[in-house]
Amino acid sequence: MAKKKKKPAESWRIWVDTERRVVSFHEIPGGQLLEFYSRELFQSCIDRYTAQRYRYQ
């Protein structure tokens, strides 16, 4: 019986610039990369930045 190949873990990435209060789904200069392997943790983080009135781009 052939083994099934394990699917790589899905991840979500955002870049955050706390100085300019910007969250981006694309790399931004001076931004810090945050990578999530849990959809729930990703959504929780997005909710937190939204509550803090971060701008999204």
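These are my notebook entries on a predicted model of a single chain.

**Entry 1. Overall layout**

I began with the secondary structure. The chain has one helix and four strands. Reading along the sequence, I get the pattern β-β-β-α-β. I then looked up burial for the whole chain. Of its 57 residues, 25% are buried. I also checked how far along the sequence the contacts reach. Among contacts with a separation of 6 or more, 45% link residues 24 or more positions apart.

**Entry 2. The sheet**

Next I traced the strand order. The four strands form an open sheet, ordered β3-β1-β2-β4, and the pairing is mixed. Which strands stand at the edges? I find β3 (32–36) and β4 (55–56) there. Each has a single partner strand, so one side of each lacks a neighbour in the sheet.

I went through two of the pairings. Strand β1 covers residues 12–17 and β2 covers residues 22–24; they run antiparallel and are joined by three bridges. Strands β1 and β3 are also antiparallel, with five bridges between them. As a general note, strands of a sheet pair through backbone hydrogen bonds.

I noted the register as well. Asp-17 sits opposite Val-22 in β2. Val-16 faces Val-23 in that strand. On the β3 side, Trp-15 stands opposite Leu-33.

**Entry 3. The hairpin turn**

I looked at the link between β1 and β2. The two strands form a hairpin, and four residues lie between them. Arg-21 in the turn has a positive phi of about 60°.

A salt bridge turned up here too. The side chains of Asp-17 and Arg-20 meet, N to O, at 2.9 Å. Are these two residues buried or partly exposed? Asp-17 is at 8% relative accessibility and counts as buried. Arg-20 is at 45% and counts as partly exposed.

**Entry 4. The helix and the core**

I turned to helix α1, residues 39–51. The helix lies across β1, β2, β3 and β4, and runs at about 25° to β1.

Then I listed the largest nonpolar core. Nine residues make it up: Ile-14, Val-16, Val-23, Phe-36, Phe-42, Cys-45, Ile-46, Tyr-49 and Tyr-54. Two elements, β1 and α1, give two or more residues to this core. The largest share, four residues, comes from α1. In general, nonpolar side chains in soluble globular proteins tend to be buried together.

**Entry 5. Val-16 and Val-23**

I picked two core residues for a closer look. Val-16 lies in strand β1. Its relative accessible area is 5%, so Val-16 is buried, the cut-off being under 20%. Leaving out residues up to four places away in sequence, Val-16 touches Val-22, Val-23, Gly-30, Gly-31, Gln-32, Leu-34, Tyr-49 and Tyr-54. I also took a distance to Leu-33. Val-16 and Leu-33 are 17 residues apart in sequence, yet 6.6 Å apart in space, C-alpha to C-alpha.

For Val-23 I applied the same exclusion of residues up to four places away. The contacts of Val-23 are Ile-14, Trp-15, Val-16, Tyr-49, Tyr-54, Arg-55, Tyr-56 and Gln-57.

**Entry 6. Ser-24**

I wanted a polar residue in β2, and Ser-24 lies in that strand. How accessible is Ser-24? The value is 2% relative accessibility, which counts as buried. What lies 2.7 Å from a polar atom of the Ser-24 side chain? I find the backbone oxygen of His-26 there. Again leaving out residues up to four places away in sequence, Ser-24 touches Ile-14, Trp-15 and Gln-57.

**Entry 7. Salt bridges**

How many salt bridges does a search of the whole structure find? It finds two. The Asp-17 and Arg-20 pair is in Entry 3. In the other entry on my list, the side chains of Arg-13 and Glu-35 meet at 3.3 Å, N to O. Arg-13 lies in strand β1 and Glu-35 in strand β3, so this pair ties together parts that are 22 residues apart in sequence. I checked accessibility for both. Arg-13 is at 44% and counts as partly exposed. Glu-35, at 31%, also counts as partly exposed.

How values were computed: Residues are numbered from 1 along each chain as its sequence is written. This is a predicted model: local features need pLDDT of at least 70, side-chain atom pairs count only at pLDDT 80 or more; totals for chains, interfaces and linings use all residues. Side-chain values use heavy atoms; hydrogens and water are left out. Two strands pair if DSSP finds at least two bridges between them. Contact means heavy atoms within 4.5 Å. Axes are lines fitted to C-alpha atoms, for helices over the stretch in contact, and angles run from 0 to 180 degrees between N-to-C directions. A nonpolar core is a set of buried Ala, Val, Leu, Ile, Met, Phe, Trp, Tyr and Cys residues joined through side-chain atoms within 4.5 Å. Buried means under 20% relative accessible area, exposed over 50%, partly exposed in between (1.4 Å probe, protein chains only). A polar contact is a pair of N or O atoms within 3.5 Å; within protein, one must be able to donate a hydrogen and the other to accept it, and residues adjacent in sequence count only if both atoms are side-chain atoms. A salt bridge is a side-chain nitrogen of Lys or Arg within 4 Å of a carboxyl oxygen of Asp or Glu.
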